[in-house]
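User: Could you walk me through how some of the labels in this model are assigned? I'd like to see the reasoning behind each one.

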Amino acid sequence: AYGPYKNLKDIVDAAKANPEKVNVGTTGPLSNGHIVPLRLQNLAGVKYAYVTFAGGADITTAVLGGHIDAGGSSAGEAMSPYKSGTLRVLGTTGKDQSKFFPDVKTFAAQGYQVFNSYDIGIAAPAGPPPEIVAVLSAAVKRATQTDYLKEKFNSTGMVPNYMDPAQYSAHWAEYESQVAPIIELGKQVQ
């Protein structure tokens with residue numbers, strides 16, 4: 001955010017005082033960029049007004065221009081204006097402190113148990129032979145360990161976190177259990 005909000009409590013308090021008046025940019029109903037503020041809204045007992053944009057870069061531009069109060073974007077989209085001091089990041093949604101935003105507390109550290117990540121996985125039609133899955137999984141693991149890919153991730157604000165198929169399935173099951181209650185709320189706020 002840019003403006004009076006210094007942390008998540010500030011924007012939550014503003015929404016409590018002015019229900020549906022704090023404008024939050026998202027990337028569309030039930031997108032990753034919509035789920036996070038919905039979860040915060042649900043935990044904090046507030047209501048935001050949502051404005052849909054084509055992507056995180058457009059949201060960042062709208063925040064910088066004062067057209068909306070806040071919005072979510074990827075680390076890569078927020079990094080440059082954050083480093084230049086033109087964008088204030090109110091919180092990060094990782095489970096750990098972000099190395100890209102060292103002075104910004106996580107949502108959890110600010111009292112809001114909201115976790116989110118931008119996960120990239122490889123999908124195949126149901127029922128591939130286990131040996132094919134093993135080959136693809138090993139190739140992805142090797143790729144995430146190369147200096148080339150580590151640098152590409154780092155330059156875009158991403159942290160590679162390889163998970164094998166079982167770990168990735170468990171990760172998604174946990175995420176789904178956290179998000180499932182928010183889906184109905186999201187349908188109402190379209």
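Analyst: Happy to! Let's start with Leu30, which is found in the loop between β1 and α2 of this predicted model.

User: Why is Leu30 called partly exposed?

Analyst: Its relative accessibility is 28%. Buried means under 20% and exposed means over 50%, so Leu30, at 28%, counts as partly exposed.

User: And what makes the phi of Leu30 worth a look?

Analyst: The phi of Leu30 is positive, near 65 degrees, in a residue other than glycine. Most residues other than glycine have a negative phi. Glu20, in the loop between α1 (8-17) and β1 (23-26), also has a positive phi, near 60 degrees.

User: Why is Thr144 called buried?

Analyst: Thr144 has 15% relative accessibility, and the cut-off for buried is under 20%, so Thr144 counts as buried. This residue lies in helix α5 (residues 130-144). Leaving aside neighbours within four places in sequence, Thr144 is in contact with Leu149, Lys150, Pro160 and Tyr162.

User: How do you know that Asp13 and Lys9 meet in a salt bridge?

Analyst: The N to O distance between their side chains is 2.6 Å. A salt bridge needs a side-chain nitrogen of Lys or Arg within 4 Å of a carboxyl oxygen of Asp or Glu, so this pair qualifies. Both residues lie in helix α1, four residues apart, about one turn of the helix. Asp13 is partly exposed at 31%, and Lys9 is partly exposed at 48%.

User: How many salt bridges does the structure hold?

Analyst: Two. Glu174 and Lys95 also meet in one, at 3.2 Å, N to O, and that pair links distant parts of the chain: Glu174 in helix α7 (residues 165-188) and Lys95 in the loop between α4 and α5, 79 residues apart.

User: What makes Lys95 exposed, while Glu174 is called partly exposed?

Analyst: The cut-off for exposed is over 50%. Lys95, at 54%, therefore counts as exposed, whereas Glu174, at 36%, falls between the two cut-offs and so counts as partly exposed.

User: How do you know that Arg39 has no salt bridge?

Analyst: The nearest side chain of opposite charge, Glu174, is 7.9 Å away. A salt bridge has to be within 4 Å, so Arg39 has none, although this residue is buried. Arg39 sits in helix α2 (residues 32-44), and beyond four places in sequence it touches several residues, including Gln113, Phe115, Tyr175 and Ile182.

Methods:
Residues numbered from 1 in each chain as written. Predicted model: local features only at pLDDT ≥ 70, side-chain atom pairs only at ≥ 80, totals over all residues. Heavy atoms only, no water. Helix = DSSP H or I, 4+ residues; strand = E, 2+ residues; numbered from the N terminus. Buried < 20%, exposed > 50% of the residue type's maximum accessible area, 1.4 Å probe, protein only. Lys, Arg positive; Asp, Glu negative; His and termini not counted. Contact = heavy atoms within 4.5 Å.
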